[in-house]
Amino acid sequence: MTMAMTTGASAGTTLGASAAEKGRYFGAAVAVNKLSNSTYTTILNREFNSVVAENEMKWASNEPQQGVFNHSSGDRLVSHAQANGMSVRGHTLLWHAQQPGWAQGMSGSALRSAMINHVTQVATHYRGKIHSWDVVNEAFADGGSGGRRDSNLQRTGNDWIEAAFRAADAADPGAKLCYNDYNTDGINAKSTGIYNMVRDFKSRGVPIDCVGFQSHLGTSLASDYQANLQRFADLGVDVQITELDVMTGGNQANIFGAVTRACMNVSRCTGITVWGVRDCDSWRGSDNALLFDCNGNKKAAYTNVLNALNAGPGIPTTPPTTTPPPTDPPPTTPPPTTGGCSASVSLNSWNGGFVASVKVTAGSAGTNGWNVSVTLPSGAGVTNTWSATASGSSGTVRFASVDYNSRLTAGQVAEFGFQGTGSGAGMTPTCTAS
Ligand code: G3I
């Protein structure tokens, strides 16, 4: 006799449906050119309720020349996901690998500026369409140091990761912003280095929402895999299994099941993504590391994952309250108290540049439109604006609301941002409403 394996809800018969019943997603990495293969898409559409681009949203793919963006493959995946009710993970805004040649050759403040611009432009392009972004991928070193990996990005200054998170938050405040890495499958020096960074970010209000555990696994699973997820969750971030694949062999199905159970047992583990659909789609080639064989048949690992999803607890509707929510960094200037709207600005600065995030709050009458004026310090210039239209680029610059954020009800907040060169210190925005 088979036992009912759910805690109330009926057992799902596909990975995505079973995960959804437990308030989670189950996703796959997709090679976008395979979306025209019907065997592939039949499995994808039947089994998964989340996708991530295996390569097509990487920097080398979508900004092949500086300032020239090509989102066609990423857009194709987003359209496919929307048409099939799937959420989308974004992978990845910044990584030491798969950089376009022009960025590989850059350094210092020029690279910092280019990198922030990349984050801003890509996150703005996909604004509102991405469930979770891997804002920064693989920035910690392997081995026992627990420190950062050397890279051209790291050499722009240790604050490059938080600068990236602030820029992503300004561009797409609705997306969950994740740090993603591998060899973090238990409590070890590398995962502890990341843990310390996340704890520091939370204490200082750097906008991080989640940590991705890639989980490219071999023939055994760390005994403290779940404990490691839990210690991050206890910092007040979601955790996600982001690139799961497992070496073939006797233990493969058990490990897939154990990883799934670990996620289900951590209430802030919000989803699992496997790094491909069929064994033959995997970057790991002969490891046969996935849930479907090359003919599209379900493997024993599939059954273990499905059973673990169906047996696991759901995410509680009230989030645990063990960790207080993070507080935003204080705005650099207090909002003015008069007028039909007020504005405050917070800055993410580096040597030679900055990103300004501006919050506009409607007064008691609401707004049909708003304008924010900012006088830039001498020598500073605006290079980029999102969610508003800028008039001028130096001196006093006026930012006007755009279609989707003009009409605000009393007390409602809209956010826009701009990137600048020079120093943005001491800017005082003034807001007028219409
Ligand atoms: O598309 C070109 C093709 O035109 C060309 O003929 C061929 C020649 O080598 O290369 C093809 O591009 C390859 C691409 O995969 C698509 O197949 C790249 O060389 C190859 O480097 C790239 O590998 C990807 C790798 O990341 C590097 O970006 C893998 O598919 C992808 O699975 C892997 O994914 C990473 C995650 O992003 C981060 N975590 C680790 C994970 C596994 O390495």
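Residues 1–9 keep a pLDDT under 50 throughout, and the model gives this stretch 11 contacts beyond four places in sequence. This is a predicted model, and a second run of the chain, residues 324–328, also stays under 50 in pLDDT. For residues 324–328 there are just three contacts beyond four places in sequence. Where pLDDT is low, the predicted coordinates are not something to read in detail. As for the protein chain as a whole, the average pLDDT comes to 92, with 92% of the residues scoring at least 70.

Next, the ligand. Around the ligand sit 13 residues, and the ones that come nearest are Glu54, Lys58, His91, Glu138 and Glu243. Sorted by character, this shell splits into three nonpolar, six polar and four charged residues. Two of the nearest residues also turn up with short polar distances. Histidine 91 places a polar side-chain atom 2.7 Å from an oxygen atom of the ligand, while glutamate 138 has a polar side-chain atom 2.8 Å from a ligand nitrogen atom. Tryptophan 275 joins in too, with a polar side-chain atom lying 2.9 Å from an oxygen atom of the ligand. As for cover, the ligand taken alone exposes 780 Å², and the protein buries 46% of that area.

Histidine 91 is worth a second look for its backbone. The peptide bond running from histidine 91 to threonine 92 is cis, with omega near -5°. Threonine 92 belongs to strand S3, which spans residues 87–95. Further along the chain, glutamine 98 is found in the loop that links S3 to helix H5 (101–104). Phi of glutamine 98 is near 55°, so to speak on the positive side for a residue other than glycine.Strand S16 (residues 413–421) takes part in two antiparallel pairings. With strand S11 (residues 353–362), S16 runs antiparallel and is joined by nine bridges. Within this pairing, valine 355 has glutamine 419 of S16 as its bridge partner. Strand S13 (residues 381–386) also pairs with S16 in the antiparallel sense, here over five bridges. In that case valine 382 is matched with glycine 420 of S16.

Notes: Residues are numbered from 1 along each chain as its sequence is written. This is a predicted model: local features need pLDDT of at least 70, side-chain atom pairs count only at pLDDT 80 or more; totals for chains, interfaces and linings use all residues. Side-chain values use heavy atoms; hydrogens and water are left out. A residue is near a molecule or strand if one of its heavy atoms lies within 4 Å of it. A polar contact is a pair of N or O atoms within 3.5 Å; within protein, one must be able to donate a hydrogen and the other to accept it, and residues adjacent in sequence count only if both atoms are side-chain atoms. Accessible areas come from the Shrake-Rupley method with a 1.4 Å probe; for residues, only the protein chains shown count as cover. Ala, Val, Leu, Ile, Met, Phe, Trp, Tyr, Cys and Pro count as nonpolar, Asp, Glu, Lys and Arg as charged, and the others, Gly among them, as polar. Two strands pair if DSSP finds at least two bridges between them. Helices (H or I, at least four residues) and strands (E, at least two) are DSSP runs, numbered from the N terminus. pLDDT is the predictor's confidence in each residue, from 0 to 100. Contact means heavy atoms within 4.5 Å.
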